[in-house]
Amino acid sequence: MVLSLLLLGTLGSLFFYLTIVLTRRYYRLKQNGATQPLLHKLHQKHGTLVRIGPDTVSFRDPAYISTVFSPRGGFIKADSYSSLRAFVHGRSVGSILDLQDEEKRKAIKRAIGTVFLTNELMQLYQLDFMLRIAFSEDTGCLRQGRDLVGLSSLTYQRIAHGYAWQPAPSLERFVFQNKLWSGWLSRSSRWAREGMTRVETRRRAPFVSSPKTTGRRKDLLEKYIAASEKHPDAIPPPTLFSITNSTISAGTDTTAGTVTVILSYLLRNPLTLSKLLRELESAGVGFPVLYAATENLPYLDAVIKEALRLHAVIGTTLERMVPPQGCMPGGVKLPGGTVIGCAPYVIHRDQEIYGEDIEDFRPERWLGCDEARKQTMERASLAWSQGSRICMGKHLAELEMKKLIPTLLWKFDLSDPDRRIVFEKRLLEGEERPILIMATSRR
Ligand code: HEM
């Protein structure tokens with residue numbers, strides 16, 4: 001009896017899931033692979049509020065961003081984030097990104113302390129790659145030209161899984177995070193197993209700082225383990241396994257993708273490229289590039305902001321749950337429990353905020369405008385999200401980009417007529433994304 005019920009439940013779930021996936025595929029295909037442009041069109045047609053699910057609303061009102069994303073507004077992360085969770089020993093475990101419980105998230109943040117602060121990472125930065133920063137591993141992926149540790153594909157699978165199931169979080173939990181079968185099998189997701197292996201290996205062979213480093217320099221894994229030992233309530237072992245790998249997931253494709261996007265825009269906009277090169281030259285930026293020299297360069301800042309406006313890394317809607325007392329975006333009463341979200345793709349293309357030429361890559365829009373307009377644009381930007389759930393790695397990512405971009409421009413000639421960009425349609429974002437840029441080495 002129990003078995004037949006289980007079987008029936010599983011078949012029902014599969015059927016339901018297939019329906020959702022096929023419907024999403026249909027709309028993606030209809031929109032030439034893109035869900036976000038479709039949402040953008042819906043907003044253009046119906047205004048600032050569009051109902052996109054039985055209890056889900058997408059908004060495009062910049063004035064409402066501070067309400068929904070405010071640390072004190074009570075809008076917790078929506079259930080849809082739960083499809084990003086890891087499964088450890090048969091238990092569903094949140095990382096940081098998907099945690100709904102604000103107190104737990106704050107406790108983790110307090111426990112890992114200054115791990116993501118630029119100052120802490122300045123010395124570590126020269127190690128260059130996330131794997132080195134996180135695990136002190138010199139895997140040589142770049143030299144070999146492939147992902148030798150498989151983390152990149154694992155990250156892609158995790159995000160693809162999260163996006164695909166975002167509209168049906170309860171179903172996802174029922175199928176993939178169900179204690180009935182997964183708990184009984186004491187299963188752990190591949191994602192969590194990777195984290196466990198890293199933690200266990202490190203415990204067997206504790207971290208030894210290299211002869212070149214000072215004694216206090218530690219990698220992220222070392223800091224996570226120490227934080228977990230010191231604050232076992234905030235970071236119990238399953239959470240430790242989960243956040244270990246999610247650091248790589250949050251920090252790799254995001255920054256790498258943004259740098260590639262920036263380079264491709266520079267290639268296609270020679271005027272922007274020459275302005276940037278002039279700025280770098282007059283700031284005396286040489287090689288190796290020092291962060292101190294590039295930290296406050298207005299044009300470089302504007303180039304990064306403009307690239308993130310057009311290609312925000314998060315290709316989906318940032319969803320939050322309306323608190324019990326309800327809310328009134330644009331005068332419409334939404335009851336507590338409704339999912340309300342704003343998509344970076346949509347808000348970043350609002351002509352009233354960013355001007356009529358929203359599809360053009362024009363870093364100048366961030367410069368030379370009056371302060372009030374600049375603030376409106378900044379407040380509408382969701383590239384790093386806002387409020388208490390703002391990207392924890394923002395400073396690290398900015399630091400990386402502000403060293404890497406000038407370095408690449410110093411090493412390679414992007415104005416070469418033989419330059420090439422290869423684009424690939426990324427299903428996750430539903431957008432074309434540059435994946436390969438070829439330029440001539442000049443040094
Ligand atoms: C260009 C690079 C990056 C961009 C554009 C970016 C963007 C974002 C955005 C939009 C969010 C919020 C997502 C949401 O609420 O759904 C986020 C969260 C997060 N990011 Fe980043 N990110 C970048 C790089 C990094 C790096 C390098 C790290 C760490 C090594 C990192 C760690 C995190 C973490 C831990 C969160 C979750 C914060 C929380 O929920 O409290 N990110 N990021």
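Student: Which residue stands opposite Leu-318 in S7, and in what sense do strand S6 and S7 pair?

Tutor: In this predicted model, Leu-318 faces Cys-342 of S7, and strand S6 (residues 318-321) runs antiparallel to S7 over 4 bridges. Two strands count as paired once DSSP finds at least two bridges between them, so the 4 bridges between S6 and S7 satisfy the criterion.

Student: What makes strand S2 a partner of S7 as well?

Tutor: The bridges decide that too: strand S2 (residues 56-59) pairs with S7 in the parallel sense over 3 bridges, and at least two are needed, so S2 qualifies as a partner. Within this pairing, Thr-56 has Val-339 as its bridge partner in S7.

Student: Why is the sheet said to have mixed pairing, and which are its edge strands?

Tutor: The open sheet has 5 strands in the order S1-S2-S7-S6-S3, with mixed pairing; S2 and S7 are parallel, while S6 and S7 are antiparallel. Strand S1 (49-53) and strand S3 (76-77) are the edges, each pairing on one side only. S1 pairs with S2 in the antiparallel sense over 4 bridges, Leu-49 stands opposite Phe-59 in S2, and a hairpin of 2 residues joins S1 to S2.

Student: How do you know whether the faces of strand S7 are covered or open?

Tutor: Strand S7 (residues 339-342) has Val-339 and Gly-341 on one side and Ile-340 and Cys-342 on the other, and all of them are buried, which leaves both faces covered. Buried here requires 20 or more other C-beta atoms within 10 Å. Across the whole protein of 443 residues, 35% count as buried.

Student: What makes Ala-227 buried, and how does Ser-385 count by the same rule?

Tutor: Ala-227, in helix H12 (residues 220-230), has 20 other C-beta atoms within 10 Å, and the threshold is 20 or more, so Ala-227 is buried. Ser-385 has 19 C-beta neighbours inside 10 Å; because partly exposed covers the range between 12 or fewer and 20 or more, Ser-385 counts as partly exposed. Leaving aside neighbours within four places in sequence, Ala-227 is in contact with Ala-111, Ile-112 and Ile-235.

Student: What makes Ser-385 notable in its backbone, and where does Ser-385 lie?

Tutor: Phi of Ser-385 is near 65 degrees, a positive value in a residue other than glycine, and Ser-385 lies in the loop between helix H20 (371-380) and H21. Most residues other than glycine have a negative phi, and most peptide bonds are trans. The peptide bond from Phe-287 to Pro-288 is likewise worth checking: it is cis, with omega near -5 degrees, and Pro-288 sits in the loop between helix H15 (270-282) and helix H16 (291-294).

Student: Why is the largest nonpolar core placed where it is with respect to domain 2 and domain 3?

Tutor: The core has 50 residues, and those with the most contacts inside it are Ile-262, Leu-266, Val-303, Ile-304, Ala-307 and Cys-342. Helix H17 (residues 298-310) gives the most, with 7 residues. Both domain 2 (75-251) and domain 3 (253-313 + 349-441) contribute residues, so the core lies between them. A second, separate core of 19 residues includes Val-93, Ile-108, Trp-191 and Phe-241. As for Leu-266, its contacts, aside from neighbours within four places in sequence, are Thr-272, Leu-273, Leu-276 and Leu-414.

Student: How do you know which residues belong to the shell around the ligand?

Tutor: Membership rests on a C-beta atom within 6 Å of the ligand; 22 residues surround the ligand, the closest being Ala-250, Gly-251, Thr-254, Cys-391 and Gly-393. Helix H13 (237-251), helix H14 (253-268) and helix H21 (394-411) are the elements that give two or more residues to this shell, and domain 2 (75-251) and domain 3 (253-313 + 349-441) each supply at least three.

Student: How many residues of each class does the shell hold, nonpolar, polar and charged?

Tutor: The shell around the ligand has 13 nonpolar, 7 polar and 2 charged residues. Gly counts as polar in this scheme, so Gly-251 and Gly-393, both among the closest residues, fall in the polar class.

Methods. Residues numbered from 1 in each chain as written. Predicted model: local features only at pLDDT ≥ 70, side-chain atom pairs only at ≥ 80, totals over all residues. Domains from an automatic or database assignment. Core = buried A, V, L, I, M, F, W, Y, C linked by C-beta atoms within 7 Å. Contact = placed C-beta atoms within 7 Å.
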